[in-house]
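Thanks for coming, everyone. I'll walk through one chain today, from charge to contacts to backbone. Here it is on the screen.

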Amino acid sequence: MKKLSILMLLVAFITSCTGSQQTAETPSSDISASQELSAHEKLEFPELGNFEKPQVETFTTDNGIKFFLVQDNELPLINVNARIKTGGVQVPNKKAGLASVTGSVIRSGGTNNIPADSLNALLENKAASIETGMGFSSGSASMDVLKKDFEMLLPVFIEVLTNPAFPKDKIELTKKQQKSGISRRNDNSRQIASREFKRLIYGKNSVYGRNNEYATINNISREDIVKFHKSNFVAENMMVGVVGDFDASEMKQKLRNAFREIPAGNENELTFPEVNYEAKSSINFINKSDVNQSFVLMGHLGGLRDNPDYPKIQVMNRVLSGGFSGRLMQKVRTELGLAYAVFGQYGMNSFYPGVFFAGVQTKSSTTSEAIDAIIKQIERLQEEPITQQELQDTKDQILNSSVFEYDSYEEVLRKQMSYEYRGLAENAFEQYIEGVKNTTIEDVQQVAQEYLNPEKLEILVVGNKDEIGNQLQKYGDVNKIDISIPEPGSEQKVVDGDAQKGKQLLNKMANAVIKTDTKLNTLTLTGEVTMRGQKLPTQLTINFPDAIKQTIEGPMGKIKFDYKDGSGTMTMGGRERSLPPQSAKNFKSTLNRSFLSIAMNAREVDPQFIETEEIEGISYNKINVSVDGSNVVLLIDPKDYYPDIIRYKQFNPRAGKQVNVETQNSNWKIVDGVAYPHKQVTKQSGKTASDVTYESHTVNQ
């Protein structure tokens with residue numbers, strides 16, 4: 001219905017609720033339930049207004065742009081929505097991310113005639129918005145504007161669409177945002193499972209299952225973006241919808257005049273590769289040690305939207321997983337109490353097959369029990385006809401919710417443009433509704449038997465291996481999936497030098513920082529760290545070989561880090577949360593690269609003397625050691641053999657590449673046979689990253 005009709009319905013609902021509340025609060029406590037019911041039954045509701053689906057006018061310009069117009073004179077607003085035939089499917093794997101970066105910078109970078117800041121100010125002053133984006137199978141651009149400003153801002157919209165500036169600073173900012181997302185992609189179990197399940201079904205190297213990686217984002221150049229935009233943002237690839245307060249005949253002429261200068265170009269033929277899928281059973285596991293619940297997905301390849309059985313399959317899907325009334329929710333959560341959340345979907349895409357999946361979030365201890373319960377419900381759909389009540393309830397759900405498919409003129413326009421873009425009939429939705437009405441009990445069982453394959457499910461579990469134990473073995477050999485994020489440049493070549501002299505120098509350094517017969521287990525440092533000009537008290541405790549605890553007294557209270565053997569927690573404001581995988585990895589690297597750890601593992605780090613290097617009058621002995629596959633350079637003072645300078649490369653997620661790190665150690669002090677610098681300044685790419693001054697250090701306390 002139109003929004004006004006829905007508003008009337010809400011008013012009636014609120015009125016009924018208010019009336020009931022007043023009755024309940026009436027002092028007369030002897031009112032019977034039947035009397036209350038009788039009063040309720042006397043409520044009268046206004047007639048619902050009829051929604052007349054507007055006529056969508058279409059026309060095509062000489063250069064190939066197809067326009068869709070819907071008049072809506074209710075408010076003095078106009079919305080313009082463009083869809084561009086392009087998308088990430090056109091991008092090779094080695095440059096994955098090019099489409100999304102391009103779609104973002106088209107708008108954020110401004111145009112060659114209107115810089116980004118000026119564009120932002122112009123739109124803000126006119127209470128207007130222009131947005132652009134690009135997904136896997138299409139690009140988009142939209143403008144919302146007041147009617148009185150439409151003629152002034154329409155040329156600006158076209159300028160953004162066709163003449164973006166693509167400034168380097170905005171490109172780099174967008175690429176950094178993409179890399180930031182990559183660095184956090186293993187933080188959430190649901191996100192991990194969704195991503196990796198697609199890779200199981202489609203293949204990790206297919207365009208449907210690939211990931212954006214640091215390397216692929218780094219591969220994107222400004223020239224790539226300019227070329228990608230130029231070849232795709234042409235008239236033959238555009239359809240434009242306009243809805244709002246206008247006269248259709250006048251609007252047609254305005255649009256013809258405004259868009260006629262866009263080059264026609266060549267229409268894209270988007271190629272969606274075949275999915276090479278073979279149905280099979282498998283059990284796959286991803287260990288996430290910082291959770292106490294399992295997130296499970298299971299399923300197989302789905303289907304295409306143009307399948308004539310689409311309505312029947314959607315009815316089947318609702319019976320299985322239609323919210324709280326679906327069988328999965330009723331059985332797995334409500335009756336068995338095995339799930340925090342349980343869900344499913346038989347995916348049917350327009351351009352390539354979707355994915356059928358069922359999923360559950362459950363306690364670690366009930367992982368296999370929940371998996372079995374879901375499989376049983378899938379099998380039950382094939383083996384037993386659903387009830388007449390289930391069929392009717394499901395149809396009612398679909399038909400009752402269908403009114404929201406066309407709840408505004410904007411939605412009518414968007415639906416028609418979407419159907420046109422995807423090659424569906426203009427009345428595809430009406431056909432779907434009619435198909436739902438005609439679906440029978442026998443139809444649901446038939447499509448369940450034809451399209452579901454409970455005997456060949458790919459099962460993926462993200463959870464805590466220590467808590468899950470051996471529950472998954474019953475499903476076959478468990479395939480452990482590695483979700484570590486590739487870091488470009490992390491594999492470094494071993495530096496060759498004088499091994500004998502390197503060993504001698506490293507042994508002297510080891511004896512200098514940890515005196516003979518001193519057994520180092522725990523080191524505690526107390527001092528202050530300078531961050532953004534503020535000096536913050538800190539305490540750091542290292543439990544060798546694999547644990548760190550640190551407390552920083554910040555302006556808003558204490559921040560505590562607790563790391564041990566690959567994972568840990570951060571507590572701030574009284575709330576504890578797990579360390580993100582990247583943070584835990586950084587703690588591990590910091591610990592392993594510590595000169596004390598190197599000293600204690602002198603036999604395992606392959607020391608190589610390289611050369612001497614003179615800094616401020618001191619001729620340092622430079623040795624290289626190999627730690628966790630990376631090279632660490634120690635500049636050792638020839639007098640006391642302390643490592644005054646330590647250099648290495650470290651991966652920076654924001655930059656998406658290895659950066660040079662140098663730690664300068666000074667003010668060495670010896671306590672209980674252990675020497676430690678009470679001044680440490682660390683620089684990344686020449687800029688100070690941290691500055692720490694320690695007041696004291698204690699050993700084995």
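Let me start with what I mean by a patch. Patches are built from residues with over 30% relative accessible area and no salt bridge, and like charges are joined within 9 Å. Keep in mind that this is a predicted model.

So, which residues gather in a patch of positive charge on the surface? They are K176, R654, K657 and K687. Take K657 from that group. It sits in strand β25, which covers residues 657–671. Its relative accessible area is 47%, so K657 is partly exposed. That value is over the 30% a patch member needs.

Now the overall picture. The chain has 21 helices and 27 strands. Along the principal axes, its C-alpha atoms fill a box of roughly 95 × 65 × 65 Å. Of the 701 residues, 49% are buried.

Next, salt bridges. How many does the structure hold? The count is 29. I'll show three pairs and a network.

Pair one is K252 with E57. Their closest N and O atoms are 3.1 Å apart. K252 belongs to helix α10, residues 248–259, and E57 to strand β1, residues 57–60, so this bridge ties together parts that are 195 residues apart in sequence. Are these two buried or exposed? K252 is partly exposed, at 24% relative accessible area. E57 is partly exposed too, at 31%.

Pair two is D149 with K148. Here the closest N and O atoms lie 3.5 Å apart. Look at the accessibilities. D149 counts as buried, at 5%. K148 counts as exposed, at 67%.

Pair three is D372 with K474. Their side chains meet in a salt bridge at 2.7 Å, N to O. This pair links distant parts of the chain, 102 residues apart. D372 is in helix α13, residues 367–383. K474 is in the loop between α18 (465–468) and β14 (478–480). D372 is partly exposed, with a relative accessible area of 30%. K474 is exposed, with 54%.

Then the network. Salt bridges that share partners join E611, E613, K622, R647 and E662 into one network.

On to asparagines. Two of them deserve a slide.

First on the slide is N63. Its place is the loop between β1 and β2 (66–71). Is N63 buried or exposed? It counts as buried, because its relative accessibility is 10% and the cut-off for buried is under 20%. What does the N63 side chain reach? It reaches the backbone oxygen of F259 at 3.0 Å. It also reaches the backbone oxygen of I262, again at 3.0 Å. F259 falls within the residue range of helix α10, 248–259, the helix that holds K252.

Now N631. This one is in strand β23, residues 630–636. N631 counts as buried, at 9% relative accessibility. Its side chain makes a polar contact with the side chain of N624, at 3.4 Å.

A quick word on S194. It lies in helix α7, residues 189–202. S194 is partly exposed, with a relative accessible area of 35%. Its C-alpha is separated from that of F295 by 9.8 Å, and the two residues are 101 residues apart along the chain.

Last topic: backbone geometry. Three spots to check.

Where is the cis peptide bond? It joins F544 and P545, with omega about 10°. P545 is in the loop between β16 (534–543) and β17 (547–554).

Then positive phi. D565 has a positive phi of about 50°, although it is not a glycine. You'll find D565 in the loop between β18 (557–564) and β19 (567–572). D565 counts as exposed, at 59% relative accessibility.

Y641 is also not a glycine, and its phi is positive at about 65°. Its place is the loop between β23 and β24 (643–652). That puts Y641 after strand β23, the strand that holds N631. Y641 counts as partly exposed, at 23% relative accessibility.

To recap. We have a positive patch on the surface that includes K657. We have 29 salt bridges in the structure, one of them joining K252 and E57. And we have a cis peptide bond between F544 and P545. I'll stop there and take your questions.

Definitions and conventions
Residues numbered from 1 in each chain as written. Predicted model: local features only at pLDDT ≥ 70, side-chain atom pairs only at ≥ 80, totals over all residues. Heavy atoms only, no water. Patch = residues over 30% accessible without salt bridge, like charges linked within 9 Å, V, L, I, M, F, W, Y side chains within 5 Å. Areas by Shrake-Rupley, 256 points an atom, 1.4 Å probe, with all protein chains shown as cover. Salt bridge = Lys/Arg side-chain N within 4 Å of Asp/Glu carboxyl O. Lys, Arg positive; Asp, Glu negative; His and termini not counted. Charge placed at Lys NZ, Arg CZ, Asp CG, Glu CD. Helix = DSSP H or I, 4+ residues; strand = E, 2+ residues; numbered from the N terminus. Buried < 20%, exposed > 50% of the residue type's maximum accessible area, 1.4 Å probe, protein only. Polar contact = N/O pair within 3.5 Å; in protein donor to acceptor, adjacent residues only side chain to side chain.
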